[in-house]
Amino acid sequence: MNSLKAKIVASWKAVVRDPIIPFGVVSLLLLIALAIAPLKDHFSEWRNYQHQYVRMIRTRGDAVTLQRHFQGGIRQIWLPKLGVVDRCQTCHAGLDEASLSDVSTQPFAAHPVIPHHLDEFGCVVCHRGQGAATTVAEAHHSKMAGEQPILPARYIESSCGQCHHSTLEGTPKLNQGRTLLTGYGCVSCHTIKLADGTTMTATDQPPPLTHIADKTTREWIYAWLKDPASYSTTATMPNFNLSDADARDISAFLIADSEPLSGDTAMTPAVASNSAADPAAGASLYGESFCASCHAMQNAAGNVVGGNLGPELSGIGSKVNAGWLQSWLRDPRHYDPGTQMPQYRWTDQQLQLLTGYLQSKTNSDFLANVHLAAATPAQIAHGKALVSEYGCASCHQIRGIRKPDNFAPELSRVGSKPLEQLVFLDGMQHSLPDYLSEKVRRPRAFGTNLHMPVYAFTPAQLEAVTTALLSLTDRSFTLPPQLQVPSPRISNYQPAGHAGQLMTNMNCLSCHRIHGRGGDMAPDLTWEGSAVQHQWLDAFLKNPNTLRPSLIRRMPKFNLSDSDRAELTDYMMTVYQTPAFERDSMPLTGYAPAEVEQGRQLFYSKYGCQACHIVNAQQDKGYIGPVLTQVGSRLTAAWIYQWLKNPQALRPGTTEPNQNMSDDDARALTAFLITQKTSLKQEAKQ
Amino acid sequence: MKRILWIPGMIALLGVGCGHRAAQTAAPHATAAGSALVESSGGKQLGMPGTMLPQPLVVQVNDASGNAVTGALVEFSGPAGVSFDPAVALSDSSGQVSTNVTMGGGSGRFELTAASPDKSGKKFFLKVTELSGSYQQQVGYEVNEKYCARCHNSESSAQRVSNYDNLSVKPHSFADGNAMNKLSNSDLNAIITHGGPALNRSALMPPYGWTLSKAETQSVIAYIRLVSDPPYRPAGVTYGKQ
């Protein structure tokens, strides 16, 4: 035992002659090891940035303030409720300094003004990236499992969409993207649930195909299926890249499957012979009826002009058959009960004129090379299989085919899709935005068996769609619910009774909004009964003349019968009244001349109303607001008064500014305006 | 010795690799030359930092007598961060070249340049300004479009008829830097909130203080500052001690 110990001591002594030396070496190593951490810290990237920042602010006019604000070391925003631990300000030291707004070198630029403060939301909620990291590489670029790299600035609006499900003024890209998702049928196949508990619904209205053989030919369907955009550049139907054989078979099936609609093609005998007889009269009826408010058409200069609520009509003559067209114009809801097209109650002669005019709008190239042999039963059967395979019934009503549920993958959280679940194409950047954008741009490149159709989006539209998709994140669902700004509640308001029937029939709600439902092309009518006088409304419905000369879209004439018109007027006057004030609480006549005169002065001097309104047609010029020459015959005095006091309270979003008017001023102006009546001469003319 | 032989081989390979890449991005070959560039559309748009402008920028190459030139080479360039797709292209049959512009980081005015060589190879240029707005300026743009532009913008379009000609006192365009830059932020705030009389001006300028929120008013001021030309330089702030 002892000898062993001696041996060890001896060999130790043999190796190290003096114990001091190894001790020294080990101590030195230890010292170096201990120094590594502080040195690493001292030379760290973020400290380097802080040194640069301090050097930069030294040269600025407000150096003292900036220096006082600056805190060295790691800075952190910790928001447990949002899951935020953000150390970004460690390097981005000037984020909160408004005076640095001219600095564009990162990481020192000031944050642009937004409605939220850094301390409330931190950084990664909007910018993604790893908030807790303290190196650029880790914070911005890490793609490790479950980590999101920083979101490129071009898609930043997507982050607003995580909480804001309604339209935001400052996010045009996001708004546009959402409109595309709902307007181009994306959400008909892909379910998109939002964190506010709603599901996105399609706003385009693809026609039912149940009676399509009444409306058009198999050749047209074939050519349309092959390339909808070559018929109409504004078509919302995408291109399914169908082979000739597939398009042939689908068209065969749709025609075979179509069920004739009774009374559909009944044409007044005169149509066929008389149709194109008077194209000029047809064109002027088209103009007078303000068809262009909703439909686009190619004009002489080759530009497609007009609204986009209904389909483009440039080539309508090559599409629909004349008998169908005439019966459609007579009563659109007979063919499609869900249509937005109003029933105009045209006379037979007018129907002929319009039918003839529209039939003359042909697109001969479109059908030039389409020659189809009679369909075989095998082709029809194959067509039916294809219709199911491509999910046509997700958008269109088709006889014998059920609308498929969840035809395509749900996209509710596609904006958080982990990179490791994505398959990238060769040469693509490995990022989620690039993936989404490319997937929408050329979906079929991602696999030969895919059915996703191709949309002819412009690059800017593609960026917008990608932005909207990126807003659909996991975080959107995990943020505290009180942060959610819900999408506007969808109203299913329906006017009642026979008058309601008439309104449905004329599709008033395609253009007007009532109780939250309807279009925004024309004024909101929710409180119309408090606003206008009975006699005026009746006369207006009989012969609408525009109140605003600057508008190109105008109220068309619907040719109601006298009794229908009386009923509709009564209904609107009784039902559409605001609870906020009594319609007849102020008289329509009997104001003192002095008060009227005072109102006139207020109108022209203090409030400068003539900037936008005309009272005296000889002298006033402003015409972006309604013309007021006869306002005393149109509006009720109580409405004028309340409107002057607070226009937005009566019609949210109106551009008439609230002038914070005193009661006296509002009363005097009301007195002045209510005396602006239809002159007797004009009345006689009417 | 053997190992050294690899080196020229590697260099050759590298050369081939780079050569290949260069070939891919090589400029298209011009078949004609013009002498002037004009803007067809897409200038003075408002985009957001890092995003693509809504409309492509379209310029046209003309010859000395003003006829469109097909097949002329046009090259786009801009400040760091701005990118063009395509950055180099030949003019089409109507003499036009269209490019999608993606704005750089940061908001403000971006001066872009389109250049094309004439017959002798000397370049002629066209300068186009695009704007890049922050969130606040975008909101300001919307406010302007909705409330102000009808009076302050003298141009009419089918969608929006201008009221400018109807006003007996003429407002200035917000792009008129010479007029707008004279007004301080608090002047702007006063006239927008309380109307023309607040600055002893015409009541044809209505007050918006009870219609717009404070944030909206600030945003429209920020928008005015963005679009003014010459650009706004606030007095009293020094940007660097020399």
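Student: Leaving aside neighbours within four places in sequence, which residues is H396(A) in contact with?
Tutor: This is a predicted model, in which local features need pLDDT of at least 70, side-chain atom pairs count only at pLDDT 80 or more, and totals for chains, interfaces and linings use all residues. Residues are numbered from 1 along each chain as its sequence is written, chains are lettered from A and ligands numbered from 1 in the order in which they are written, and side-chain values use heavy atoms, with hydrogens and water left out. H396(A) is in the loop between α21 (377–389) and α22 (432–441) of chain A, where helices (H or I, at least four residues) and strands (E, at least two) are DSSP runs numbered from the N terminus. With contact meaning heavy atoms within 4.5 Å, and without neighbours up to four places away, the partners of H396(A) are P206(A), P207(A), L209(A) and M237(A).

Student: Does H396(A) count as buried or exposed?
Tutor: Buried means under 20% relative accessible area, exposed over 50%, and partly exposed in between, with a 1.4 Å probe and protein chains only. The relative accessibility of H396(A) is 16%, so this residue counts as buried.

Student: At what distance does the side chain of H396(A) reach the backbone oxygen of P207(A)?
Tutor: P207(A) is among the contacts of H396(A). The histidine side chain reaches the backbone oxygen of P207(A) at 2.8 Å.

Student: How far apart are the centres of the rings of W220(A) and F366(A)?
Tutor: Over all chains there are 29 aromatic pairs, a pair being rings of Phe, Tyr and Trp (its six-membered ring) with centres within 6.5 Å; planes under 30 degrees apart count as stacked, over 60 as edge-to-face and the rest as tilted. The planes of W220(A) and F366(A) are at 55°, so the pair is tilted, with its centres apart by 6.2 Å.

Student: How many residues apart are W220(A) and F366(A) along the chain?
Tutor: W220(A) belongs to helix α12 (residues 218–226) of chain A and F366(A) to helix α20 (residues 364–367) of chain A. Both residues are buried, and W220(A), W224(A), Y231(A) and F366(A) form one aromatic cluster. The pair links distant parts of the chain, and the separation in residues is 146.

Student: At what angle are the ring planes of F581(A) and W639(A)?
Tutor: F581(A) lies in the loop between α28 (562–575) and α29 (593–606) of chain A and W639(A) in helix α31 (residues 637–645) of chain A, so the pair ties together parts that are 58 residues apart in sequence. Both F581(A) and W639(A) are buried. Their ring centres are 6.3 Å apart, and the pair is tilted because the planes are at 50°.

Student: Over the ring of which residue does the charged end of R413(A) sit?
Tutor: A charge sits over a ring if NZ of Lys or CZ of Arg is within 6 Å of the ring centre and within 35 degrees of the ring normal. In chain B, K170(B) lies over the face of Y164(B), at 5.1 Å from the ring centre. For R413(A), the distance to the ring centre is 4.3 Å and the ring is that of F477(A).

Student: On which residue is the kink in α2(B) centred?
Tutor: Helix α2 (residues 135–152) of chain B spans only 22 Å between its end C-alpha atoms, against 26 Å for a straight helix of 18 residues at 1.5 Å a residue; the expected span is 1.5 Å times one less than the number of residues. Of its 18 residues, 14 are buried, so α2(B) is largely enclosed by the rest of the structure. The bend at a residue is the angle between axes fitted to the seven residues ending there and the seven starting there. The kink in α2(B) is about 55° and is centred on E145(B).

Student: What is omega for the peptide bond that joins D229(B) and P230(B)?
Tutor: Most residues other than glycine have a negative phi, and most peptide bonds are trans. The bond from D85(B) to P86(B) is cis, with omega near 0°. P230(B) is in the segment after α5 (214–227) of chain B. The bond between D229(B) and P230(B) is also cis, and its omega is about 5°.

Student: What is the phi of K44(B)?
Tutor: K44(B) is in the loop between β1 (36–41) and β2 (46–47) of chain B. At 52% relative accessibility, K44(B) counts as exposed. Its phi is positive, in a residue other than glycine, with a value near 50°.

Conventions: Polar contact = N/O pair within 3.5 Å; in protein donor to acceptor, adjacent residues only side chain to side chain.
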